[in-house]
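Thanks for making time for this one; I would like to walk through a single model with you, going from the interior outwards. Please bring up the sequence and the structure on your screens before I go on.

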Amino acid sequence: MQLLDHVSITVKDLASAKPFYKAVMRALGAELAYEETSAIGFGERNHPRDDPHTYVSIFQSPQATPDPRRHYCFRASSIEQVQAFHAAAAGLRWPRLLQGERPKHRLLEAFRAEPGQCPVQCGQL
């Protein structure tokens with residue numbers, strides 16, 4: 001079951017968050033869909049009679065605020081993709097928030113794409 005068509009994430013400083021999202025989305029196999037001054041998007045948009053896709057947009061917003069209960073977890077198709085997600089973020093020297101096995105995930109990694117903002121996770125079921 002696919003519950004989401006698309007997701008919009010807001011960040012205060014898109015210029016500093018862009019390298020993170022480009023690296024981790026590439027590691028997960030999500031293509032760059034568009035890039036503008038105030039937004040960047042990844043994945044594939046749905047079309048009539050062709051809608052098994054999902055895409056994510058990251059928008060710059062001065063109102064972007066963290067919430068301790070909000071996070072974004074991208075699904076990996078393999079342990080290797082989770083490791084590639086980690087390597088991409090770690091290669092940019094983003095601080096890791098957590099790593100390891102969790103009850104619902106075989107392997108889970110989490111980073112913050114922007115200091116003080118919501119965690120971005122990657123997990124493999």
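Which residues have the most contacts inside the largest nonpolar core? Bear in mind, as we look, that this is a predicted model. The residues in question are Y21, I58 and F74, and the core that holds them has 25 residues. Several elements feed into this core, each with at least two residues: strand 1, helix 1, strand 3, strand 4, strand 5, helix 2 and strand 8. Helix 1, which spans 14–27, supplies the largest share, namely 8 residues.

Let me stay with Y21 for a moment. A search of the whole structure returns 1 aromatic pair, and that pair is formed by F20 and Y21, whose rings sit edge-to-face with 5.3 Å from centre to centre and 85° between the planes. As for accessibility, F20 counts as buried because its relative accessibility is 0%, with the cut-off for buried set at under 20%. Y21 likewise counts as buried, since its relative accessibility is 2%.

Now to the sheet against which helix 1 is placed. There are 4 strands in an open sheet, in the order 1-4-3-2, and the pairing is mixed. Strand 1 and strand 2 stand at the edges, and because each has a single partner strand, one side of each is left without a neighbour in the sheet. On average, neighbouring strands of this sheet are turned by 15° against each other, if direction is ignored. Strand 1 and strand 4 pair in the parallel sense over 6 bridges, and, if you want a place to look, H6 stands opposite Y55 in strand 4. Helix 1 lies across strand 1, strand 2, strand 3 and strand 4, and runs at about 10° to strand 3.

Finally, let me step back to the whole chain. The protein has 2 helices and 8 strands, and, read along the sequence, these follow the pattern β-α-β-β-β-β-α-β-β-β. Of its 125 residues, 42% count as buried. If we take the contacts between residues at least 6 apart in sequence, 55% of them join residues at least 24 apart. The exposed area of the protein comes to about 7600 Å², of which carbon and sulfur atoms supply 51%.

Key. Residues are numbered from 1 along each chain as its sequence is written. This is a predicted model: local features need pLDDT of at least 70, side-chain atom pairs count only at pLDDT 80 or more; totals for chains, interfaces and linings use all residues. Side-chain values use heavy atoms; hydrogens and water are left out. A nonpolar core is a set of buried Ala, Val, Leu, Ile, Met, Phe, Trp, Tyr and Cys residues joined through side-chain atoms within 4.5 Å. Buried means under 20% relative accessible area, exposed over 50%, partly exposed in between (1.4 Å probe, protein chains only). Two strands pair if DSSP finds at least two bridges between them. Axes are lines fitted to C-alpha atoms, for helices over the stretch in contact, and angles run from 0 to 180 degrees between N-to-C directions. Contact means heavy atoms within 4.5 Å. Rings of Phe, Tyr and Trp (its six-membered ring) pair if their centres lie within 6.5 Å; planes under 30 degrees apart count as stacked, over 60 as edge-to-face and the rest as tilted. Accessible areas come from the Shrake-Rupley method with a 1.4 Å probe; for residues, only the protein chains shown count as cover.
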